[in-house]
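Me: I am new to this structure and would like to understand the words people use for it. Could you take me through them one at a time?

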Amino acid sequence: MKTLVLTAHPDLSKSRINRAWYDALSDASNVTTRDLTTVGGAEMRFDIEVEQTMLLAHDRIVFQFPFYWYSAPPVMKAWMDQVLNYGFAYGPGGDRLKGRELLILVSTGGPEHSYHAGGYNNFSMAEFLKPFQQTAILAGMTYLRPFVAHGMAVATQEQIDENVPHMLAYLNDPELDPKVRQARLLKQLEDDPSLAAAVS
Ligand SMILES: Cc1cc2nc3c(=O)[nH]c(=O)nc-3n(C[C@H](O)[C@H](O)[C@H](O)COP(=O)(O)O)c2cc1C
């Protein structure tokens, strides 16, 4: 499983959690990190062929960003608008990403309890992230359960250090796709029918 992490932070040198994630992921095996702000420059212009070739060389694509105004920073959107184009990601012949996985890796300033009905952000992260989910569906990708780090605007260094190994373990889990996990569980039940009694 090869993972491509597309990092969309406007200034990683001023970041805490996204910088820590980026550094740890850059050292991880089978992971390619790409700082979109550096690659795209001030104009946020991407070489479409380079970006698409990069996507095709990986199985799991990660969009990594800090949550800004209930969405991603503009460089993420600029990359999407230029790279996920007609005939590649959608439309006739646009099935090149089919079967790959998309995972959102996001940090928020607001605490977890604010992202609920009745909380001060009113909606859940699953609701806010729906445009990414539908992008994955349109492109024939499997949308994985996002990894969200809440309360990161005021996180202590200890909380950041603790978060990093959790994030790495999450991203490296080959069974994030529920179909894969379910297939293994079913196989386990087949191999050992006595387990069926425990789950029925
Ligand atoms: C322009 C801007 C918009 C933000 N919008 C939100 C938001 O909508 N919801 C939220 O929870 N935090 C918001 N924040 C807080 C950031 O998500 C938080 O500071 C970030 O995740 C910390 O990551 P970093 O240390 O990598 O920069 C915003 C911050 C900025 C600068």
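Reply: Happily; what follows is a set of questions about terms, each answered with a value and its cut-off.

Reply: Please keep in mind that this is a predicted model, in which local features need pLDDT of at least 70, side-chain atom pairs count only at pLDDT 80 or more, and totals for chains, interfaces and linings use all residues. Residues are numbered from 1 along each chain as its sequence is written, and side-chain values use heavy atoms, with hydrogens and water left out.

Me: What makes a residue count as surrounding the ligand, and how many do?

Reply: A residue is near a molecule if one of its heavy atoms lies within 4 Å of it. The ligand has 16 residues around it, and the closest are H9, S15, F67, S107 and Y115.

Me: How are the residues of that shell divided into nonpolar, polar and charged?

Reply: Ala, Val, Leu, Ile, Met, Phe, Trp, Tyr, Cys and Pro count as nonpolar, Asp, Glu, Lys and Arg as charged, and the others, Gly among them, as polar. Sorted this way, the shell holds 8 nonpolar, 7 polar and 1 charged.

Me: What is the distance from an oxygen atom of the ligand to the side chain of Y115, and what makes a pair of atoms a polar contact?

Reply: A polar contact is a pair of N or O atoms within 3.5 Å; within protein, one must be able to donate a hydrogen and the other to accept it, and residues adjacent in sequence count only if both atoms are side-chain atoms. An N or O atom in the side chain of Y115 is 2.6 Å from a ligand oxygen, so the pair falls within 3.5 Å. The backbone takes part too: a polar backbone atom of F67 is 2.7 Å from an oxygen atom of the ligand, and a backbone N or O atom of R16 lies 2.8 Å from one. The protein buries 73% of the 640 Å² that the ligand exposes when taken alone; such areas come from the Shrake-Rupley method with a 1.4 Å probe, and for residues only the protein chains shown count as cover.

Me: Why is H9 called buried?

Reply: Buried means under 20% relative accessible area, exposed over 50%, and partly exposed in between (1.4 Å probe, protein chains only). H9 has 9%, so H9 is buried. H9 sits in the loop between β1 (3-7) and α1, where helices (H or I, at least four residues) and strands (E, at least two) are DSSP runs, numbered from the N terminus. The side chain of H9 also reaches the backbone nitrogen of D11 at 3.0 Å.

Me: Is N18 buried or exposed, and how do you know?

Reply: The relative accessible area of N18 is 2%, and therefore N18 is buried. N18 belongs to helix α1 (residues 17-27), and its side chain makes a polar contact of 3.0 Å with the side chain of Q64.

Me: What makes Y68, W69 and Y70 a patch?

Reply: Patches are made of residues with over 30% relative accessible area and no salt bridge; like charges are joined within 9 Å, nonpolar side chains (Val, Leu, Ile, Met, Phe, Trp, Tyr) within 5 Å. Y68 has 36% and is partly exposed, W69 has 80% and is exposed, and Y70 has 35% and is partly exposed. Together they form a nonpolar surface patch with about 410 Å² of accessible area. Y68 lies in the loop between β3 (60-66) and α4 (74-83). W69 is in the loop between β3 and α4, with a positive phi near 45°.

Me: Why is the pair D173 and R181 called a salt bridge?

Reply: A salt bridge is a side-chain nitrogen of Lys or Arg within 4 Å of a carboxyl oxygen of Asp or Glu. The closest N and O atoms of D173 and R181 are 2.7 Å apart, so the pair meets the 4 Å limit. By this rule the count is 10 salt bridges. Another is E175 with R184, at 2.6 Å; E175 is buried at 15%, while R184 is partly exposed at 35%.

Me: Where do D191 and K187 lie?

Reply: Both are in helix α8 (residues 178-191), 4 residues apart, about one turn of the helix. Shared salt-bridge partners join D173, E175, R181 and R184 into one network. The side chains of D191 and K187 meet in a salt bridge at 2.8 Å, N to O. D191 has 53%, so D191 is exposed, whereas K187 at 45% is partly exposed.
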